[in-house]
Amino acid sequence: MMSLLGVPVLLIGLLARFNPLLVVTAAGLVAGLAGGVDPLTLLAAFGKAFNDSRYISVAFLILPVIGLLERSGLQVQARAVVSRLRALTVGRFLVGYLAARQVTASLGLLSLGGHAAMVRPLIAPMAEGLADSRLGPTNAARRLLVRAHAAAVDNIGAFFGEDIFVALGSVLLIQAVLQQNRITVDPLRVAFWAIPTALVAFVVHALRLLVLDRTLSRRAVN
Amino acid sequence: MIRVGAAYAVAGLLFGAIALLSAADRGHPRRWLSSTFWGLFSASFLIGDVLGDLGNGALVLALVLIGGCGGLRAGRSSTTGVAEREAIAARLGPRLFLPVLIVPLTALAGSLAFKAITIAGRPVVEPAQVTVISLTLGVILALLAAVILVKPPLAAPLQEARRLMDSVGWSAILPQLLAALGAVFALAGVGRAVGGLVGHWLPMDSRIAAVAAYGLGMALFTMIMGNAFAAFPVMVAAIGAPILVGRFGGDAAVIGAMGMLCGYCGTLMTPMASHNIVPTALLGLPPGAVIRAQVPTAILVLLATVTLMCLLAFRTWAA
């Protein structure tokens with residue numbers, strides 16, 4: 001029970017805006033020590049888990065490519081391309097990316113999107129370019145809002161798409177965990193029952209993106 | 001067989017180059033500490049497997065201390081100005097998009113093809129790591145294409161990588177650190193403790209209350225752990241399996257799928273998730289900006305999913 005002390009350390013530290021690296025490490029240390037794990041075992045567990053999760057950071061390998069292309073005007077080009085498409089707005093463009101991301105993720109094609117591979121080089125500058133060409137000169141607040149929405153669409157599309165694909169991590173994990181609790185399920189049925197929420201997520205977020213268009217144009221007028 | 005170590009070696013070389021470029025940057029405000037940080041991160045990728053668990057633990061602590069106490073700053077890297085970028089973009093036009101598309105397409109082709117390719121019955125690429133290895137291959141091909149297309153100065157790709165890595169800064173190691181926290185929480189029994197609390201103290205006498213406790217509990221516990229996959233086994237063992245399936249006879253497929261999706265709603269709302277940390281860093285956003293864009297959707301989808309679970313998990317009208 002004492003190991004739960006790690007949770008308030010985490011919450012208070014993050015709310016007090018200490019550096020998250022320090023907060024996360026402190027929470028791990030407190031939880032471990034309070035839970036009766038001896039310090040060396042704890043340090044070793046930290047090291048092992050960090051080493052085992054290096055695959056997450058392989059995503060940074062794309063930075064030389066993106067940086068080189070940005071240096072050569074990739075974002076300029078991305079903005080120029082979309083602003084020629086007259087019917088597009090920020091919201092409609094992002095709804096299109098949301099649909100594409102959800103559909104491809106549901107087919108298991110998660111690597112077709114992502115923040116480093118798609119959002120930073122293409123989706124965010126395209127959305128910003130659309131905002132500029134439709135709504136006039138930009139300001140910092142609008143640029144950040146549009147960028148944040150570009151990132152959000154990538155997450156929402158991926159999360160509420162991947163659960164529909166049978167052979168991906170989440171469906172297999174659901175099946176394995178239920179199995180541990182002596183419940184056998186058919187992975188196809190698990191994937192099928194992710195569809196209702198996926199549809200709700202698409203409708204809710206698409207509507208919000210269309211509202212974003214109205215918010216942006218109202219702000220541009222004022 | 002090509003193993004994941006090959007991808008880690010490439011990443012280690014990239015971070016090592018960033019360490020060297022930082023050390024060579026005389027105008028760097030935290031030249032040596034920043035260089036040490038990237039050097040240690042590079043070492044983790046190059047020799048992490050021979051350092052041993054304690055060695056890796058010490059390495060993580062050093063990274064946390066440098067990164068967490070302001071030892072890491074952005075250096076002075078040279079890049080092109082607006083006018084120069086517009087000129088190059090005008091010259092190259094849409095061809096600039098090609099290298100960007102090579103990465104996902106190679107990753108896609110690799111993850112489909114590598115699983116099928118075998119030599120003498122043995123896979124050419126480590127099957128469990130096909131995604132990571134395909135991504136690495138895609139990046140190498142894309143970089144070659146970009147260099148041929150743009151013909152930049154020799155050091156430009158690495159200098160540009162340093163510029164972007166500097167903008168990511170200390171949050172580069174946060175996703176891995178959070179994964180480590182999850183492992184430590186598991187070791188210390190946090191999951192068991194939460195499961196015990198939930199099972200004991202929440203009202204479970206009605207079906208609706210139990211579904212709500214399970215769905216909202218998944219979202220909340222995911223927000224704490226930063227990861228729905230860590231929260232899911234706990235909530236299934238505490239509520240999902242014994243009460244929703246066991247006592248009330250709910251459909252396990254619905255309860256499993258929708259419980260996980262409630263967790264994803266939590267992921268959208270937590271500063272602990274790498275899905276929110278990485279884009280915040282990559283896009284130069286203030287803390288919380290991505291989460292604020294996601295919270296209204298997350299809350300509405302969460303409430304809808306809990307409601308759907310009440311309706312669909314206990315249906316008597318279909319198989």
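Modeller: Let's start with a definition: a residue is exposed if 12 or fewer other C-beta atoms lie within 10 Å of its own, buried if there are 20 or more, and partly exposed in between. Everything we discuss comes from a predicted model.

Colleague: Good to know. Why is R17(A) called buried or exposed, whichever it is?

Modeller: R17(A) has 9 other C-beta atoms within 10 Å. The cut-off for exposed is 12 or fewer, so R17(A), with its 9, is exposed. R17(A) sits in the loop that links α1 (6-15) to α2 (20-34) of chain A.

Colleague: What is notable about the backbone of R17(A)?

Modeller: The phi angle of R17(A) is positive, about 60°, although R17(A) is not a glycine. R182(A) also has a positive phi of about 60° and is not a glycine.

Colleague: Where is R182(A), and why is it labelled buried or exposed?

Modeller: Look in the loop between α9 (169-180) and α10 (187-192) of chain A. R182(A) has 9 other C-beta atoms within 10 Å, so it is exposed.

Colleague: Now for chain B. How do you know whether A180(B) is buried or exposed?

Modeller: Count again: 26 other C-beta atoms lie within 10 Å of A180(B). Buried starts at 20, so A180(B) is buried. A180(B) belongs to helix α7 (residues 174-188) of chain B.

Colleague: Which residues does A180(B) contact, beyond its sequence neighbours?

Modeller: Leaving out residues within four places in sequence, A180(B) is in contact with G28(A), F46(A), A49(A), F50(A) and S53(A) from chain A, and with V60(B) from chain B. As for distances along chain B, the C-alpha atoms of A180(B) and C310(B) are 35 Å apart in space, with their positions 130 residues apart in sequence.

Colleague: And A6(B), what makes its label what it is?

Modeller: A6(B) has 17 other C-beta atoms within 10 Å. Exposed ends at 12 and buried begins at 20, so A6(B), with 17, is partly exposed. A6(B) is part of helix α1 (residues 4-23) of chain B. Between the C-alpha atoms of A6(B) and L283(B) there are 29 Å, while the two are 277 residues apart along the chain.

Colleague: What does chain B look like overall in helices and strands?

Modeller: Chain B has 13 helices and two strands. Its C-alpha trace spans about 70 × 50 × 45 Å along the principal axes. Of its 319 residues, 54% are buried.

Colleague: How is chain B divided into domains?

Modeller: The assignment gives domain 1 (4-172) and domain 2 (189-312). The C-alpha centres of these two domains of chain B lie 33 Å apart. Four residues of domain 1 are in contact with four residues of domain 2. On the domain 1 side, one of these is nonpolar, three are polar and none is charged.

Colleague: Which domains does chain A have?

Modeller: In chain A, domain 1 covers 2-52 and domain 2 covers 61-221. Their C-alpha centres are separated by 32 Å.

Colleague: How many residues bring the two chains into contact?

Modeller: The contact takes 95 residues from chain A and 113 from chain B. On the chain B side there are 86 nonpolar, 21 polar and six charged residues.

Colleague: Which residues of the largest nonpolar core have the most contacts inside it?

Modeller: That core has 192 residues, and those with the most contacts inside it are I62(A), V65(A), L94(A), A127(A), M235(B), A257(B) and C265(B). Take V65(A): beyond residues up to four places away in sequence, V65(A) touches P99(B), V103(B), V139(B), A142(B), L143(B) and A146(B).

Colleague: What makes the crossing of α7(A) and α12(B) left-handed or right-handed?

Modeller: A crossing is right-handed if the near helix is turned clockwise from the far one by less than a right angle, and the crossing of α7(A) and α12(B) is right-handed. The packing angle between α7(A) and α12(B) is about 35°, and their axes are 11 Å apart. H115(A), A116(A), V119(A) and R120(A) of α7(A) meet V278(B), P279(B) and L282(B) of α12(B). By class, this contact has five nonpolar, one polar and one charged residues.

Colleague: Lastly, what covers the buried residues of α5(A)?

Modeller: The cover includes α4 (63-71) and α7 (115-135) of chain A, along with α3 (82-92) of chain B. The buried residues of helix α5 (residues 74-83) of chain A are L74(A), Q75(A), V76(A), Q77(A), A78(A) and R79(A).

Note on methods
Residues numbered from 1 in each chain as written. Chains lettered and ligands numbered in written order. Predicted model: local features only at pLDDT ≥ 70, side-chain atom pairs only at ≥ 80, totals over all residues. Contact = placed C-beta atoms within 7 Å. Nonpolar A, V, L, I, M, F, W, Y, C, P; charged D, E, K, R; others polar. Helix = DSSP H or I, 4+ residues; strand = E, 2+ residues; numbered from the N terminus. Domains from an automatic or database assignment. Core = buried A, V, L, I, M, F, W, Y, C linked by C-beta atoms within 7 Å. Axes fitted to C-alpha atoms, helices over the stretch in contact; angles between N-to-C directions.
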